[in-house]
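The following exercises introduce a protein structure step by step. Each task sentence is followed by a worked solution.

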Amino acid sequence: MTLQESHLFREIHEQPAALERFLSTGLEPVRALAARLRSDGIRHVFIAARGTSDNAGRYAQYLFGIQNRLLVSLATPSLFSIYQRPPDLRATLTLGISQSGQSPDLVAVLDEARRQGGLTAAITNNPGSPLAAAAEHVIPLLAGEERSLAATKTYTTQLAALAALSAELSEDSQAALAGLAKIPPALSAVLERRAEIQAVAERYRYMQHCVVIGRGLNYATAFELSLKLKELTYTIAEPYSSADFLHGPLALIEPGFPIFLIAPQSAVLPELLDFLDKLGQRCGEVIAISDVPEVNSRVTRSLPLPVSLPEHLSPISAIVPGQLFAMYLAHTRAIDVDHPRGLSKVTETI
């Protein structure tokens, strides 16, 4: 089987169509949930997720905070499933995010929130799942079956669902929703540049460890790219915010050490440019995902991000060069991208 015939390759390339489908036909449940949040006056969102979906939760922390001034917390499911000491969730939206909706610990969080009388919702690609059954409101992703063990199209569609909910809650929801239409073409533009990304991946065939840096809304992208490098290429890839990295981990950097930097146009860009200066002083090898010429001119290699999106939507496109890089790096190492070792499509934790 060729790489082009793999589930992973196909599903990475299905993302523009999956997002177009969700944005054109899947927004009614988003509107219903937004209306409920407004009517109930809810200002706190409590998110239960694992793995890739947990990175969608990290995106939501910044998205809802910046765009809607909501307080967003990430759940610690063992408080519910093991310690039996859940927090008070009565005036809260408890939101489960999961591709499969199967993990018992996430279901336990929503079950408890509903028992307390709190508002519950699920974002999932499986509306018939136990997580969906536990939720009062369900937002199906409509991404189609995801057969690759590494999640790609469900992640970007989760981000789009969160962005749509944020848009519905904004003061000018029509303008915010109209901006979402820019997302599918932006992803298509990245996919058209895949040959460039493949060439960069071949350079790093023998990379054994790296760090992935993001900040603000793209802190989530750093975690998701790190996860893809780990699960697909078996590289020790550690995610950091640029601020946290300066508090100790900077000592890792020596000449040639690879640093992936997520740096599209954003409010945190000036800080990231200063961060680049510090990396340059230590001769680190920086691979950037950026639409900013000043960033791309100062790094070792760039993964193309040809279309600029508003900062709050940029994580949806910024992860795609990373998905392609991880896929091509795995292929260069003769790893079966559809069967990375030790993984299963549905992981159930308690």
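A residue is called buried when its relative accessible area is under 20%, exposed when that area is over 50%, and partly exposed in between. The model examined here is predicted.

**Exercise 1.** Determine whether Glu112 is buried or exposed, and describe its surroundings.

Solution. Begin with the location: Glu112 belongs to helix α6, which spans residues 104-115. Next, take the relative accessible area of Glu112, which is 14%. The limit for a buried residue is under 20%. Glu112 is therefore buried. Finally, list the contacts: leaving aside residues up to four places away in sequence, Glu112 touches Phe80 and Pro86.

**Exercise 2.** Classify Ala48 as buried or exposed, and state which residues it touches.

Solution. Ala48 lies in strand β1, residues 44-49. Its relative accessibility is 0%, so Ala48 counts as buried. With residues up to four places away in sequence left out, the contacts of Ala48 are Ala75, Leu95, Gly96, Ile97, Leu106 and Val109. As for Leu23, it is 25 residues from Ala48 in sequence, and the C-alpha to C-alpha separation of the two is 23 Å.

**Exercise 3.** Identify which residues make the nonpolar surface patch of about 320 Å², and classify Leu79.

Solution. The patch is made by Leu79, Ile82 and Tyr83. Of these residues, consider Leu79, which is placed in helix α5 (residues 78-81). The relative accessibility of Leu79 is 31%, so this residue counts as partly exposed.

**Exercise 4.** State the strand order of the five-stranded open sheet, and explain why β7 and β10 stand at its edges.

Solution. First, write the order, which is β7-β6-β8-β9-β10, with parallel pairing. Second, examine the ends: β7 (236-241) and β10 (301-304) each have a single partner strand, so one side of each lacks a neighbour in the sheet. Third, consider the twist: on average, neighbouring strands of this sheet are turned by 20° against each other, direction ignored.

**Exercise 5.** Describe how β6 pairs with β8, and which helices pack on the sheet.

Solution. Strand β6 (residues 209-214) pairs with strand β8 (residues 258-262) in the parallel sense over three bridges. Within this pairing, Val212 has Phe260 of β8 as its bridge partner. Turning to the helices, α11 (residues 194-203) packs on the sheet and touches β9 (285-290) and β10. The direction of α11 makes about 145° with that of β10. Helix α12 (residues 219-233) also packs on the sheet, in contact with β6, β7, β8 and β9. The direction of α12 makes about 175° with that of β7.

Note on methods: Residues are numbered from 1 along each chain as its sequence is written. This is a predicted model: local features need pLDDT of at least 70, side-chain atom pairs count only at pLDDT 80 or more; totals for chains, interfaces and linings use all residues. Side-chain values use heavy atoms; hydrogens and water are left out. Helices (H or I, at least four residues) and strands (E, at least two) are DSSP runs, numbered from the N terminus. Buried means under 20% relative accessible area, exposed over 50%, partly exposed in between (1.4 Å probe, protein chains only). Contact means heavy atoms within 4.5 Å. Two strands pair if DSSP finds at least two bridges between them. Axes are lines fitted to C-alpha atoms, for helices over the stretch in contact, and angles run from 0 to 180 degrees between N-to-C directions. Patches are made of residues with over 30% relative accessible area and no salt bridge: like charges are joined within 9 Å, nonpolar side chains (Val, Leu, Ile, Met, Phe, Trp, Tyr) within 5 Å. Accessible areas come from the Shrake-Rupley method with a 1.4 Å probe; for residues, only the protein chains shown count as cover. A salt bridge is a side-chain nitrogen of Lys or Arg within 4 Å of a carboxyl oxygen of Asp or Glu.
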